[in-house]
Amino acid sequence: MIPLEAVAGLSAVLFAIGLYGVLARRNAVLILLAVEVMLNAVALNFLGFGAFRGDLTGQVVAIFVICVAAAEVGLALGILLRLHRNRQTVDIDRLDELKW
Amino acid sequence: MVTTASAWLLPALPFLAFLLTATLGRWLPGQGAGIAIVLTGAGAVLWAPLLGALFVEGPQLYQPVWFTVGGDALHVSYIVDPLAALVLGVVLICSTHIQVYALGYMGGEARFGWFFAVVALFTAAMLGLVLSASLLTLYVCWEVVGLCSYLLIGFWFDRPAAVEAAKKAFITTRVGDVGLLIGILLLFRATGTLDIPAIVTAVQQGAIDGGTLTAAAILVLLGAFGKSGQFPLHVWLPDAMEGPTPVSALIHAATMVTAGVYLVARLFPIFEAAPVALAVVAAVGLISAAGASLLALVQTDIKRILAYSTISQLGLMFAALGTGFLPAAIFHLTTHAAFKALLFLAAGSVIHGTTRQKLDELGGLRRSLPVTAFTMLAGAAALAGVPLTSGYFSKDEILLGLLDRSTLLFVATLAVSALTAFYTFRLWVRAFLGPDQMHGHAHESPAVMLGPLVAFTVPSLLLGFLLFIPFGPSANIIAFLAGETGHPPAQYAEIGSYYHAHHEATPNGLVLGTSAAAALAGAGAAWAVYRSGARIRRRLPGAAVLERGFFIDALYRWLTTQVVMRLSAFFAWFDRRWVNDAGVNGAGRLPAVVGGALRTLQTGNLSTYALAIVAGMALIAGIILWSGR
């Protein structure tokens, strides 16, 4: 039996790595990747607490998170493809026209 | 069968005439003037049986509901009592004759029909005002009268002087009307009704506290003084002479200046309950009577002399009201209407026959204008109060009341009488006696103008004898106006008891004698000074003050140009600088400035946003954790 603290700790580490990736990366694909990591950290958190409490709700939400993540990746990659075709870049520092 | 209930027809007929003449007049022969005369005349004919019905039925009040607001019904109530009935007759008869006269005088005018339309509306509004037993309808009619006077004084609007005079009349009376409106609203707030009988009943039951009542009465007086050309709002009346002469006759005899006297008479119980206001009425009346008769001494325009005499005579009426002798005031109003209409129509005949109206350019007209000369002499005698004329008897009624109150007022008024006789006969003697200044070029007016002149001569000379003959069920006209119509007081109580016991109607020997002496002395002095036609070269001290009208016009000009305009300039600056630039534009610019500062937060850089989100989340989490402790 894996202790809850280990699951929560792994989840926190994964979330922090993902957050760091979102903040530090300039490549949109890698930022998307980091967001996926954060989502999985959350899903892992749900699973750990669900197992700890002994009910299935945590697993249900985890599957739900995976579904949302899949949909999100599909949509986001589509947008990124269009973006790259139009602008020949996915560097977010050069994609700052949406202001004022 | 005419009953008092059909009194509403009297204003309705001239109003119908106004509508028809103003709309259809251009396609009718004479531009529809005939409609105005026939319908106004029909009203005058209808008036006689109405007076008979009043004798039979006694005073009546009718209150048809106009519309209901909330729980308050607004009535178009009208009242038929001796006061209203007599003034109705005065207005209708004067207006009819003056319109007939205007057929001749205004002949050839481009807007001939429009003139008659407005005169008909003027008459209708005045009749409505007289009949009104509700302050609401009274005020509406009051304002229509003001509008018509503006239109008629400025009838020749291609003359700058007429335009100025019309504006002056309108604005000056408007100053008073604002007071009237506030006074009416004060009465409404205190009593919850605009019906005059109900207000009078409330006042007589002491339902209004003294301060409010006095304030309301004095504000109402402002309106009355404005309309009646009393000091200090008299300045428009002499200038109103720029209007056509029939209009002057109408304004001075029947339809406008008498409205102020009538208003005070109609609301007399309110003034009786406010002694301060009543004293103001008397004081202003006497000041106006004395001041105007002094000013009339130095005028050279015949119409302006008559205008100042109107102010003076109206002042006497207000003096009578102020000393509590309402019947005397209204009786003088009646005789004054007759002889002042006569004098103005005669003056119009002189202007028509000579195209001149300055005394310096007139003289010796008695041969070329014999009918005008004779009729104007009758009018002048009545105005001067020469014994046995109408003005003599009605003025004696006022003098009798004044003698009752104070010998000083009596003597002062006698002096005014002597002055009146002097300037009236100065006018007549200088115009009609002496050498002929026109060298035979003057011509007598056509019959259509002389007819009304002659018609007005009869009442000017004979109306005074109404004092000595029964008037309907009453002993004489004073008793009639005092409400002694032989009807039980109970019926009166419903309407609100309007009148009180009057003084002895028959003047005593002292009044008759001194009044006759004053009139004859004034007239004789004028005759002695002016009959030769020689001009008086030596200017009397004080003449400059009189010629400038006691500097009242100059005072008003100074007030408007120096005080009002500068105050207005300051307010205009304040409005532009602070309200508009700082307030309104500032409120508009504020979001732009704030937005301009805040928009720089939107960098468009995704990393910045992400960092902001994380920082915000951390902040919120920190607050939750910290406050959870």
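**Exercise 1. How much area do chain B and chain A bury between them, and what share of it is on carbon and sulfur atoms?**

*Solution.* Start with the total: in this predicted model, chain B and chain A together bury about 870 Å². Next comes the share by atom type: carbon and sulfur atoms hold 63% of that buried area. Now look for the residues behind chain B's part. B:G604, B:S607 and B:V614 supply 38% of the area that chain B buries against chain A, more than any other three residues. Finally, count the residues that meet: 11 residues of chain A are in contact with 12 residues of chain B.

**Exercise 2. Find B:Y609 in the structure. In which helix is its place, and which residues does it touch beyond four places away in sequence?**

*Solution.* First, locate the helix: B:Y609 belongs to helix α25 of chain B, which covers residues 606–628. Second, list its partners, leaving out residues up to four places away in sequence. One partner is in the other chain, A:L98. The others are B:L601, B:Q602, B:T603 and B:G604. Third, consider accessibility: buried means under 20% and exposed means over 50%, so B:Y609, with a relative accessible area of 28%, is partly exposed. As a last step, try a long jump through chain B: B:L103 is 506 residues from B:Y609 in sequence, and their C-alpha atoms are 91 Å apart in space.

**Exercise 3. Now turn to B:G285. Is this residue buried or exposed?**

*Solution.* Begin with its place, which is in helix α13 of chain B, residues 275–296. Then read its relative accessibility, which is 0%. The cut-off for buried is under 20%, so B:G285 counts as buried. To see what surrounds it, set aside residues up to four places away in sequence: B:G285 touches B:Q230, B:G315, B:L316, B:F318 and B:A319. Take one of these partners, B:A319, for a closer look. It lies 34 residues from B:G285 along the chain, yet the two C-alpha atoms are separated by 4.8 Å.

**Exercise 4. Describe chain A: how many helices and strands does it have, and how does its radius of gyration relate to the globule rule?**

*Solution.* Count the elements first: chain A has 3 helices and 0 strands, giving the order α-α-α from the N terminus on. Its radius of gyration is 17 Å, while the globule rule gives 13 Å for 100 residues, so chain A is more spread out than a compact globule. For the outline, picture a box of roughly 50 × 25 × 25 Å along the principal axes, filled by the C-alpha atoms. Then ask about burial: 26% of the 100 residues in chain A are buried. To finish, chain A exposes about 6,800 Å², with 71% supplied by carbon and sulfur atoms.

**Exercise 5. Do the same for chain B: what percentage of its 629 residues count as buried?**

*Solution.* Elements come first again: chain B contains 25 helices and 4 strands. Its C-alpha atoms fill a box of roughly 115 × 60 × 60 Å along the principal axes. Burial answers the task: 55% of the 629 residues count as buried. Now check how the chain connects with itself. Among contacts between residues at least 6 apart in sequence, 81% join residues at least 24 apart. Last, look at charge: chain B has 33 positive and 28 negative charges, and their mean positions are 14 Å apart.

Definitions and conventions: Residues numbered from 1 in each chain as written. Chains lettered and ligands numbered in written order. Predicted model: local features only at pLDDT ≥ 70, side-chain atom pairs only at ≥ 80, totals over all residues. Heavy atoms only, no water. Rg over C-alpha atoms; globule rule 2.2 N^0.38 Å. Buried < 20%, exposed > 50% of the residue type's maximum accessible area, 1.4 Å probe, protein only. Areas by Shrake-Rupley, 256 points an atom, 1.4 Å probe, with all protein chains shown as cover. Contact = heavy atoms within 4.5 Å. Buried area = accessible area lost by both parts, 1.4 Å probe. Helix = DSSP H or I, 4+ residues; strand = E, 2+ residues; numbered from the N terminus. Lys, Arg positive; Asp, Glu negative; His and termini not counted. Charge placed at Lys NZ, Arg CZ, Asp CG, Glu CD.
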